[in-house]
Each structure stands twice: as structure tokens, then as C-alpha cells.
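These are my notebook entries on one model. I set down what I looked up, entry by entry.

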Amino acid sequence: MKITIVSVGKLKEKYLKQGIQEYLKRLSAYAKVDIVEVADEKAPENLSEAEMEEVKRKEGERILSHVGDDTYVFTLEINGKMLSSEEFAKKLDDLATYGKSKIVFIIGGSLGISKEVQSRSDMAISFSKMTFPHQVMRLILLEQVYRGYRINRGEPYHK
């Protein structure tokens, strides 16, 4: 399984980088995982609706340039489907079983993701009704992917 996380913006916080590196190391026994950072679009505080859509569109173009035609795409969206860890693990297992060996998770920027990215998504998922910084979502996502593999293999970790 090849998993790519495409995320808008650079990760600067050392503590997040350390956590992400730890989960990448743990996941290496199960899958090849890459993280791709795409540049965020500079945006002043008070944007009009049209300006917000333009920012998301530009970020969306950068995101989609890293998504192949043969890739199953998850978008992380506040209005996406909420799954338990077990349901998420089953989804990962089902994808592997039915020949989807390339998976991309998309984490948008602070304004969300564009309509173009949403339309390319095979499944929109949400981790909570709460909003999390997109940098923190990388760590949360990696932990859940790792947990999913452990659940699927019946290995201790999941409680």
C-alpha cells in the first residue's frame, strides 16, 4: 500500500515534526507513506467570498497536481463522514483487498478545500465537528492510519 498525505502549508513546529516522524517510522512496517506539502496561498484577514474561493482554487490546483488517476482520494472535511477507528480500519482493509494500492489523504488550508478537490474526492471524512489546525491534523491522521493497521492485523495497541 502506498499512502500519500497532501497537505497545504509548511510544518514549522518541532513537536509536531517529532510526532509525525515517530508515526512514519511505525507505519513503515505496513505501508509506504509520503507527505507532500503544497504552498499555501497568502491571504489577508478580511477576504470576500470570491477571494476565499480564489485562494482555495489556487491551493486546489497545487493539491490535485499530486493526485494520480488511479488513486483513491480521501479529503478531510468538517462535513465529511465520521468513522470510528474500527470503521476506518475496515475501509483501509477493503481498499487493499479490492486493489486500491494508492491512497491519498488531502488536508486543505485554513480556508478548507476547493470545489475541484471535493469533486475529485472518493470519500470525505471528518475526525470531529471541531476545527483543528491543519498542521495538527497530519499527526492525528497518521496516528489513526497506524491504529487502523494495528486493528486490521489484530495487534495490540488499539484499546
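**Entry 1: a loop glycine.** I began with Gly112, which sits in the loop between β4 and α4 (115–120). The model is a predicted one. Is Gly112 buried, exposed or partly exposed? I found a relative accessibility of 28%, so Gly112 counts as partly exposed, given that the class lies between 20% and 50%. I then listed its contacts, not counting residues up to four places away in sequence, and obtained Lys56 and Glu59. I also checked Gly112 against Met137, 25 residues apart along the chain, and read 13 Å between the C-alpha atoms.

**Entry 2: the sheet.** I turned to the strands and asked in which order they stand in the sheet. The sheet is open and has five strands, in the order β2-β1-β4-β3-β5, with parallel pairing. The edges are β2 and β5 (123–126); each has a single partner strand, so one side of each is left without a neighbour in the sheet. Ignoring direction, I noted that neighbouring strands are turned by 30° against each other on average.

**Entry 3: strand pairs.** I went through the pairings with their bridges.
- Strand β1 (residues 2–8) and strand β2 (residues 32–38) run parallel and are joined by seven bridges. Within this pair, I recorded Val36 in β2 as the bridge partner of Val6, and Glu37 in β2 opposite Ser7.
- For β3 and β4, I counted four bridges in the parallel sense. Val104 in β4 stands opposite Val73. The chain passes from β3 through α3 to β4 in a right-handed β-α-β crossover.
- For β3 and β5, which run parallel, I counted five bridges. Ile125 in β5 is the bridge partner of Leu76.

I returned to β1 and β2 for their connection: together with helix α1 (residues 14–27), they make a right-handed β-α-β unit.

**Entry 4: a residue of β1.** I next selected Ile5, which is placed in strand β1. Is Ile5 buried or exposed? Its relative accessible area is 0%; the limit for the buried class is under 20%, and Ile5 is therefore buried. Which residues does Ile5 contact, leaving aside its neighbours within four places in sequence? I listed Asp34, Ile35, Val36, Phe105, Ile107, Leu141 and Leu142. I also looked up Arg138, 133 residues apart from Ile5 along the chain, and found the two C-alpha atoms separated by 7.8 Å.

**Entry 5: helix α5 on the sheet.** The contacts of Ile5 with Leu141 and Leu142 led me to helix α5 (residues 134–153). I found that α5 lies across β1, β2, β3 (72–82) and β4 (102–107). Its direction is at about 165° to β1.

**Entry 6: helix against helix.** For packed helices, I look up the angle between the axes and the distance between the axes. Helix α3 (residues 85–97) packs on α5 at an angle of about 75°, and the axes are 8 Å apart. That makes α3 roughly perpendicular to α5, because the class covers 65 to 115 degrees. I then asked which residues meet in this contact. From α3, I noted Ser85, Glu86, Phe88, Ala89, Lys90, Leu92 and Asp93. From α5, I noted Leu141, Gln144, Val145, Arg147, Gly148, Ile151 and Asn152. I classed the residues of this contact as six nonpolar, four polar and four charged. Leu141 thus appears twice in my entries: in the contact of α3 with α5, and among the contacts of Ile5.

Methods: Residues are numbered from 1 along each chain as its sequence is written. This is a predicted model: local features need pLDDT of at least 70, side-chain atom pairs count only at pLDDT 80 or more; totals for chains, interfaces and linings use all residues. Side-chain values use heavy atoms; hydrogens and water are left out. Axes are lines fitted to C-alpha atoms, for helices over the stretch in contact, and angles run from 0 to 180 degrees between N-to-C directions. Helices (H or I, at least four residues) and strands (E, at least two) are DSSP runs, numbered from the N terminus. Angles under 35 degrees count as roughly parallel, over 145 as roughly antiparallel, 65 to 115 as roughly perpendicular and the rest as oblique. Contact means heavy atoms within 4.5 Å. Ala, Val, Leu, Ile, Met, Phe, Trp, Tyr, Cys and Pro count as nonpolar, Asp, Glu, Lys and Arg as charged, and the others, Gly among them, as polar. Two strands pair if DSSP finds at least two bridges between them. A crossover is right-handed if, with the strands pointing away from the viewer, the path from the first strand over the helix to the second runs clockwise. Buried means under 20% relative accessible area, exposed over 50%, partly exposed in between (1.4 Å probe, protein chains only).
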